[in-house]
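Got the viewer open and a hand free for selecting residues? Let's walk through this one stop by stop.

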Amino acid sequence: MHPDHLQRPLPDGIVPAEVVARTEKRWLGVMVAMLIVMMAVVVLTGMTHAIGPPSNVETIDPTTLHLGGEFAESNLGTAQERDGSLTVRLIGGQFGFAPDCTKVAVDTPVKFRLTSTDVIHGFLLPSTNVNTMVVPGFVAEVRTRFTRPGIYRMPCNEFCGAGHHAMWARVSVVPKEQFQSLAPTERSSCVQQ
Ligand code: CUA
């Protein structure tokens, strides 16, 4: 006797159970394969590209920043180049930037150069093109030009520890004539002199 002799034909649109099971098994295989490919991409790029800054690949020893060179304390803040453009050098560390406020001139090319003494921090100036990671061992460089004077707040936007929420600084953008009348020390501080 045929074992299925009592099975009635299924109504239209109902898929037999064994077909459902076979389809599900196939899709499970596809999903596992996709997971394997994605995990492999993560592991391989992690191993071959390591950690690095988003663009400017320039290394620096974070343990000797204070001893001399570009990021020695006396070189931090805003410096004016021969061509009239400005270079701002800042150091990020748990949990603040040094200096915590710099002045730059409006409508002038500004180049920010930052590095970190400890962990990864973030450098963001809202409403501008400035947004980069500050990775220890590397110099982050961003170029911009401010079109409006004012105070630009500079929150650290990479989680860097218990004091992350309190880590922020300011960039004060002032009119050109006012900037030229400032002494070099006044350009690296927003304290009233
Ligand atoms: Cu530094 Cu978050």
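Before the first click, one term: a residue is called buried when its relative accessible area is under 20%, exposed when that area is over 50%, and partly exposed in between. Keep in mind, too, that this is a predicted model.

**Stop 1: the strand in the middle**

Select strand β10, residues 168–174. By that cut-off, 5 of the 7 residues of β10 are buried, so the strand is largely enclosed by the rest of the structure.

Now add its sheet mates. You should have an open sheet of 3 strands, in the order β4-β10-β9, with mixed pairing. Which strands stand at the edges? They are β4 (101–105) and β9 (150–155); each has a single partner strand, so one side of each has no neighbour in the sheet. From one strand to the next, the twist averages 25 degrees.

A quick reminder while you look at the backbone: strands in a sheet pair through backbone hydrogen bonds, and the pairing can be parallel or antiparallel. Both kinds are here. β4 and β10 run parallel and are joined by 5 bridges. For a spot to zoom in on, pick threonine 102, whose bridge partner in β10 is valine 171.

Over on the other flank, β9 and β10 pair in the antiparallel sense, over 6 bridges. Two places to click here: isoleucine 151 has serine 172 of β10 as its bridge partner, and glycine 150 stands opposite valine 173 in β10.

**Stop 2: the aromatic rings**

Next, show the side chains of Phe112, Phe123, Phe146 and Tyr152, which ring pairs link into a cluster. The model has 3 aromatic pairs in its count. What describes such a pair? The distance of the ring centres and the angle of the planes.

Try it on phenylalanine 112 and phenylalanine 146: their rings sit 6.3 Å apart, centre to centre, with 85 degrees between the planes, which makes the pair edge-to-face. Trace the chain from one ring to the other and you'll find phenylalanine 112 in strand β5 (residues 109–116) and phenylalanine 146 in the loop between β8 (140–145) and β9, so the pair ties together parts that are 34 residues apart in sequence.

Are these two rings buried or exposed? Turn on a surface: phenylalanine 112 is buried, with a relative accessible area of 0%, and phenylalanine 146 is buried as well, at 1%.

**Stop 3: the charged network**

Stay with β5 but switch to charges. There are 5 salt bridges in the count. Start with arginine 113 and glutamate 58, whose side chains meet at 2.6 Å, N to O. This pair links distant parts of the chain: arginine 113 is in strand β5, while glutamate 58 is in the loop between α1 and β1 (77–80), 55 residues apart. Arginine 113 is buried at 7% relative accessible area, whereas glutamate 58 is partly exposed at 27%.

Now select glutamate 70 and arginine 89, another salt bridge, with the closest N and O atoms 2.7 Å apart. Glutamate 70 also belongs to the loop between α1 and β1, and arginine 89 to strand β2 (residues 86–93), so here's a link across 19 residues. Glutamate 70 counts as partly exposed at 25% relative accessibility, and arginine 89 as buried at 16%.

One more pair: arginine 143 and glutamate 141, with the closest N and O atoms 3.0 Å apart. Arginine 143 is exposed, at 56% relative accessible area, but glutamate 141 is buried, at 19%. Put these selections together on screen, since salt bridges that share partners join Glu58, Glu70, Arg89, Arg113, Glu141 and Arg143 into one network.

**Stop 4: a greasy spot outside**

Last selection: Trp27, Val30, Met34, Leu35 and Met38. Colour them and look at the surface, where they make a nonpolar patch of about 540 Å². To get your bearings, click methionine 34, which is placed in helix α1 (residues 17–49). How accessible is methionine 34? Its relative accessibility is 46%, so methionine 34 counts as partly exposed.

How values were computed
Residues are numbered from 1 along each chain as its sequence is written. This is a predicted model: local features need pLDDT of at least 70, side-chain atom pairs count only at pLDDT 80 or more; totals for chains, interfaces and linings use all residues. Side-chain values use heavy atoms; hydrogens and water are left out. Patches are made of residues with over 30% relative accessible area and no salt bridge: like charges are joined within 9 Å, nonpolar side chains (Val, Leu, Ile, Met, Phe, Trp, Tyr) within 5 Å. Accessible areas come from the Shrake-Rupley method with a 1.4 Å probe; for residues, only the protein chains shown count as cover. A salt bridge is a side-chain nitrogen of Lys or Arg within 4 Å of a carboxyl oxygen of Asp or Glu. Helices (H or I, at least four residues) and strands (E, at least two) are DSSP runs, numbered from the N terminus. Buried means under 20% relative accessible area, exposed over 50%, partly exposed in between (1.4 Å probe, protein chains only). Two strands pair if DSSP finds at least two bridges between them. Axes are lines fitted to C-alpha atoms, for helices over the stretch in contact, and angles run from 0 to 180 degrees between N-to-C directions. Rings of Phe, Tyr and Trp (its six-membered ring) pair if their centres lie within 6.5 Å; planes under 30 degrees apart count as stacked, over 60 as edge-to-face and the rest as tilted.
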